[in-house]
Amino acid sequence: MKNLILAFACLLCAQQHANLSAQHLDDAPSSRTAQNPCAPKSPGSAVPEPDDLRSRNGELTVDLTIRNYVEPGGSVRYCYITSDNKEAPTLRLNPGDLLILNLKNDLIEIGPPANLPAHRHMGHEKKKDEKRTADPCMSGMMSAISTNLHFHGLTIPPVCHQDDVLNTSIQPRDEPFQYRFRIPADEPPGLYWYHPHIHGFSKAQVLGGASGALIVEGIERAARQVAGLPERVVIIRDRDLLNPDAPPSKSEPVIPKMLLDRDGDAANNGTGFGKPAKDLSINYVPVPYPDYPPAVIEMKPGERQLWRVLNASAITYLNLAVLFNRVPQQLGLVALDGVPLNQSGKFPDSISWQTHLGVPPGSRVEFILTGPPLKTTGLFVTRTVDTGPGGENDPNRAIALIKASADAPEPHSILGATPAPLPLPTSTWLGDVAPVRTRRLYFSEMPTNPDDPNSPTEFYLTVDGQTPVVFDPSAPPSIVAEQGTVEDWIIENRSNELHAFHIHQLHFLLLDYLGKPVNEPFLRDTVNVPYFTDRALTYPSVRLRMDFRDPNTVGTFLYHCHLLEHEDGGMMGLIRVEPTHKSLASGQ
Ligand SMILES: [Cu+2]
């Protein structure tokens, strides 16, 4: 505890370095901004809100272009830009609304050759100089300059032009590719997100900044306590270190030895300090190692806001807290992974008060925060996460100062003040449905060459009884389930690092954590599975109830670790959900 207090004391010192670092960045060539479509922001600057694009008359049409750029330090940045130059806008739709998103791929080959060669998932070979590329729906050609979109958390069909990422691949020469789907009428109101899901290259694009928020409106209908509150979208991304060679700040209470993990990132040193594997940014304002100059958010003194926070990191776990005078504040969690805690009517208080919130990569937390009183400056931080002896270093660090100011601008968006209550779901609560079977899956890792522990790591996510193999998209699905059923899945971790289990097209119920019932009355789409050590008698595990009842979950889709270097490295599997006779008859 003493170390933690010291850590936050030194995080406060970090503010002193903010101006210095911002000045350093301004020394960059003036042509940089003109060349860089991804609009770099200075450390220590004000946190901008993403632009909102709202549906009108039940429809939202968006033209997005994905572009990339190599920074002077060699790091490749990626961004989504609208035709009127809005970067990574927040897409806001109501349940039932139609989204038409035209995605143009303007990626160019830059930087050193990617580690992984382009590979083909399915379809036919095409000549390199062929002008007209293959149908993006069937292309399967996935290279560093291919792209596509996954709409994380939405229960929409895994088919082309909606949420297929297995075969859909858009090349730079292709015409704008149209995504077109309706937000399901019963989609829970909350925070979802979009990002590329090109197998083998997801990490590079997401780490480079390719991600944005999608909000299904109406959270105040499920959590009346947020009605009328100003809302603030906060996207935490990770990125390559801006100062990779710097020693840790002298203000840190311990200076741990530098270790590297097998991916070449700073390894977990178990102290909560030292060089992180990646820098963080908040709405693209970087907070670089080693001094973590915090970005700045202004709030009116004592104002209550709904913070809608997405961890869009490629490989960084967060453990968020807000400190006033070093004291952790109560955060009123109202939704997790896009689903209000009381969506099912099983959590009548609607709010879970916490002093810190663990957020794996891909996950979202939406919470009520009361701003600091006048003359007090709050500090938004992530505490260290123990990723295990094989994991990356995710140390304690500042993210943003929260300054109380009577003149603070109001956030762009304010939630409805007089919401009609959200009807309860018509389906039976997932916890009350009997599973048709239990499956056991496990995370594991092996060196490519078993005789050479320093050879590259292969990552597996295996159904117990099958042979561990790196993900092969052309192989038959590892799991076949039937629409209309629910199943229990036990996910074990047989490796020495933390993993984050995620599945597309559905939410699940966490039943047991490390073998103990948790009795959660709400749903998730991403969950941590703690690491194994030789001292443990059993493999750490979670037990999940998987919901295959929604007709939109029919088809072939993915489950994987949401640390994208693990996913790209093979820690992924295919599931096919077969239609019931009933849904076949209705054409689904
Ligand atoms: Cu993982």
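**Disulfides, copper site, sheet and cores of the predicted model**

Two disulfides are counted in the chain, a disulfide being taken as a pair of cysteine sulfur atoms within 2.5 Å. The structure is a predicted model, in which local features need pLDDT of at least 70 and side-chain atom pairs count only at pLDDT 80 or more, whereas totals for chains, interfaces and linings use all residues. Residues are numbered from 1 along each chain as its sequence is written, and side-chain values use heavy atoms, with hydrogens and water left out.

In one disulfide, the sulfur atoms of Cys 38 and Cys 79 are 2.4 Å apart, and the torsion about the S-S bond is about -75°, so this disulfide is left-handed. The pair links distant parts of the chain, 41 residues apart, with Cys 38 in the loop between α3 (31-35) and β1 and Cys 79 in strand β3 (residues 76-82); here helices (H or I, at least four residues) and strands (E, at least two) are DSSP runs, numbered from the N terminus. Cys 38, at 9% relative accessibility, counts as buried, where buried means under 20% relative accessible area, exposed over 50% and partly exposed in between (1.4 Å probe, protein chains only). Cys 137 is joined to Cys 160 by a disulfide with an S to S distance of 2.0 Å, and its torsion of about -85° likewise makes it left-handed.

The copper ion has as protein donors His 499 (ND1), Cys 561 (SG) and His 566 (ND1), which lie 2.0 to 2.1 Å from it; donors are N, O and S atoms within 2.8 Å of the metal (3.2 Å for Na, K and Ca), and sites may look incomplete because water is not among the atoms. His 499 lies in strand β31 (residues 499-503) and His 566 in helix α6 (residues 564-568), so the pair ties together parts that are 67 residues apart in sequence. His 499 is buried, with a relative accessible area of 0%, and the value of 0% for Cys 561 places that residue among the buried ones too.

The largest nonpolar core (a set of buried Ala, Val, Leu, Ile, Met, Phe, Trp, Tyr and Cys residues joined through side-chain atoms within 4.5 Å) has 41 residues, and Ile 236, Ile 282, Trp 307, Val 365 and Phe 380 have the most contacts inside it. Strand β17 (residues 318-324) gives the most to this core, with six residues. Apart from this core lies another, of 37 residues, among them Ala 314, Phe 501, Phe 557 and Cys 561.
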